[in-house]
Amino acid sequence: MPSSPPEKADDVVRVAGELWRAAAYREERYAATALTGLRVARGALELLPLHEEMITTGAWWDLVDGVQPRVRDLLLAHPAELGPVLRGWARSPDRWLRRSAVIAQLGARDRTDRALLTEVVEVNAADGEFFVRKAIGWALRDLAKTDPDWVRGFLAGHELSPLSRREAAKHLRKDPLPPTPRRLGVGP
């Protein structure tokens, strides 16, 4: 490993990738993820394959969620390129890519692409996977901090798991929750 920080995005890909692949301990993988947050790497498309590798081979929430801010930075810097990638991840058989697509915009606040968020949530709304259902609620809860009316409207118009709804509504508790939409012919 080099003794000084990488100076180019390609160097970050190489060094962080080597550290990630050779890691014997989780902390080494955390360090590899931290390297991808260096200023020289922020928003650099060259890192996308490494981020995807980290998500799919890390395959647990702590490692996957550590990559999320990097994916968000890529999306904000390159929305035309990352939108289709996230739409693909949202439909992936890999639950961690699906989770990553859903939480990709955490912290984007007023720059959240609501159409993209709607799509990645809708294609995963019926997913029985805990980590995906939790991610849906988390993504909506995060947006509720800056756009509670949009989230209320979304909840009113979409059928989500109880876990997703509960998580999404945590910042909406001052007002009554919108009712869960009922399918035609189901319920009272």
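# A guided tour: cavities, a kinked helix and salt bridges

A search of the whole structure finds two cavities of 30 Å³ or more. On a 1 Å grid over the protein atoms alone, a cavity is a set of points where a 1.4 Å probe fits but cannot get out, and its lining residues have an atom within 4 Å of a point. Grid points are joined across faces, edges and corners, and a volume is the space filled by probe spheres set on the points.

Two notes before you start. This is a predicted model, in which local features need pLDDT of at least 70, side-chain atom pairs count only at pLDDT 80 or more, and totals for chains, interfaces and linings use all residues. Residues are numbered from 1 along each chain as its sequence is written, and side-chain values use heavy atoms, with hydrogens and water left out.

**Stop 1: the whole protein**

Show the cartoon. There are ten helices and zero strands. Helices (H or I, at least four residues) and strands (E, at least two) are DSSP runs, numbered from the N terminus. Now colour by burial. Of the 188 residues in the protein, 48% are buried. Buried means under 20% relative accessible area, exposed over 50%, and partly exposed in between (1.4 Å probe, protein chains only).

**Stop 2: the largest cavity**

Select Val102, Ile103, Gln105, Leu106, Thr112, Leu117, Ala139, Asp142 and Leu143. They line the largest cavity, which holds about 50 Å³ of space. Helices α6 (95-103) and α8 (130-144) each supply at least two residues of this lining. Which helix gives the most? It is α8, with three residues. Colour the lining by type: six residues are nonpolar, two polar and one charged. Here Ala, Val, Leu, Ile, Met, Phe, Trp, Tyr, Cys and Pro count as nonpolar, Asp, Glu, Lys and Arg as charged, and the others, Gly among them, as polar.

**Stop 3: the second largest cavity**

Next, select Thr36, Ala41, Arg42, Gly43, Ala44, Leu47, His51, Arg70, Asp73 and Leu74. These residues line the second largest cavity, with a volume of about 40 Å³. The lining divides into four nonpolar, three polar and three charged residues. Helix α4 gives the most to it, with three residues.

**Stop 4: helix α4**

Stay with α4 and select residues 61-77. The helix has 17 residues and reaches 25 Å from its first C-alpha to its last. That is close to the 24 Å expected at 1.5 Å a residue; the expected span is 1.5 Å times one less than the number of residues.

Where is the kink in α4? Look at glutamine 68, shortly before proline 69, where the helix bends by about 30 degrees. The bend at a residue is the angle between axes fitted to the seven residues ending there and the seven starting there.

Is α4 mostly covered or mostly open? Mostly covered: twelve of its 17 residues are buried. Among them are Leu63, Val64, Val67, Gln68, Val71 and Leu75. Arg70, Asp73 and Leu74 are also buried, and you met these three in the lining of the second largest cavity.

**Stop 5: from α4 to α6**

Show aspartate 65 and arginine 99. Their side chains meet in a salt bridge (2.8 Å, N to O). This pair links distant parts of the chain, with arginine 99 in helix α6, aspartate 65 in helix α4, and their positions 34 residues apart. A salt bridge is a side-chain nitrogen of Lys or Arg within 4 Å of a carboxyl oxygen of Asp or Glu. Both partners are covered: arginine 99 counts as buried at 4% relative accessibility, and aspartate 65 is buried with a relative accessible area of 14%. The count of salt bridges comes to 15.

**Stop 6: glutamate 167**

Centre on glutamate 167, which counts as buried at 5% relative accessibility. Arginine 141 forms a salt bridge with it, the closest N and O atoms being 2.3 Å apart. That pair joins helix α8 to helix α10, 26 residues apart along the chain. Arginine 141 is buried too, with a relative accessible area of 16%.

Lysine 134 also forms a salt bridge with glutamate 167, the closest N and O atoms being 3.0 Å apart. Lysine 134 is in helix α8, and glutamate 167 is in helix α10 (residues 162-168), 33 residues apart. At 28% relative accessibility, lysine 134 counts as partly exposed. Add Lys170 to the view: Lys134, Arg141, Glu167 and Lys170 are linked in a network of salt bridges.

**Stop 7: arginine 21**

Finish at helix α1 (residues 9-22), where arginine 21 lies. Arginine 21 is exposed, with a relative accessible area of 51%. Select glutamate 53 as well: its C-alpha and that of arginine 21 are separated by 9.7 Å, and the two residues are 32 apart along the chain.

Terms used: 1 Å grid on protein atoms, 1.4 Å probe; cavity = no way out; pocket = protein on both sides within 12 Å on 5 of 7 lines; lining within 4 Å.
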